[in-house]
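Me: Please take a close look at a single part of this model, a buried threonine side chain and its partners, and then relate that part to the salt bridges.

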Amino acid sequence: LIDPSGEWTNAIAYLRTKGILSKVVYESLIVDANIQLSKRDIQILENELDFSKSILKKIGQSAARNSEIVARLKPFLEKKSKILYFAPSIENSKFITSLLTFLGFRAAHIDGSTHSRNRRQIISDYIQGDLDILCNYGVLATGFDAPKTDVLCIARPTMSPVLYSQMIGRGLRGKAIGGTEKCTVIEVKDNFYGLGTQDELYQHFDAYWS
């Protein structure tokens, strides 16, 4: 693609100038949650090429990790930002929802087992602005449209570029098509013993943060 000045530009930059994509403010939250994976966990990860539900559940049970996530989200909630939270497990999504509700914020949770009628109502409440944060596990990565999202918190680690792109895509709609001018992406980066962080995956999306 070529911009009006005649210089080459990438597709993401071009769509951003047209207001089709929002500008991204990228923040990483590196947590030292003492997450120890067993040999079996690592074997499953290598065979399945992504984190299993058992590993994700273990991640979501970390009190230190959850404390840091809530501390990072709280200032945004106090400023009335609308937040989508991608949890590593159903239990974690429910826990974060309960904790934020206790702190006085309007929070709700949905997952694949949520009754369709309740799910529609909760999503409608979020879109209409009656919720501050919508927490979920395995539901909102696809088939969900909430253009007025100010913050995405991705607390579910993945090695899948497809799943990752689907999650960040929930908040990148620009003002020209009913979205926001700016969206903050908070990336929870886990340092697993023996595995390190997921920087190799994140580098594929550098163009979105530029």
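Reply: The side chain of Thr158 reaches the backbone nitrogen of Ser160 at 3.0 Å, and it makes a polar contact with the side chain of Asp50 at 2.9 Å. A polar contact is a pair of N or O atoms within 3.5 Å; within protein, one must be able to donate a hydrogen and the other to accept it, and residues adjacent in sequence count only if both atoms are side-chain atoms. Thr158 sits in the loop between strand S5 (151–154) and helix H7 (161–168); helices (H or I, at least four residues) and strands (E, at least two) are DSSP runs, numbered from the N terminus. With a relative accessible area of 2%, Thr158 is buried (buried means under 20%, exposed over 50%, partly exposed in between, with a 1.4 Å probe and protein chains only).

The model is predicted: local features need pLDDT (the predictor's confidence in each residue, from 0 to 100) of at least 70, side-chain atom pairs count only at pLDDT 80 or more, and totals for chains, interfaces and linings use all residues. Residues are numbered from 1 along each chain as its sequence is written, and side-chain values use heavy atoms, leaving out hydrogens and water.

Five salt bridges are counted, each a side-chain nitrogen of Lys or Arg within 4 Å of a carboxyl oxygen of Asp or Glu. Among them, Arg65 pairs with Asp190 at 2.7 Å between the closest N and O atoms. Arg65 lies in helix H4 and Asp190 in strand S6 (residues 182–190), so the pair ties together parts 125 residues apart in sequence. Arg65 is buried at 0% relative accessibility, and Asp190 is buried at 2%.
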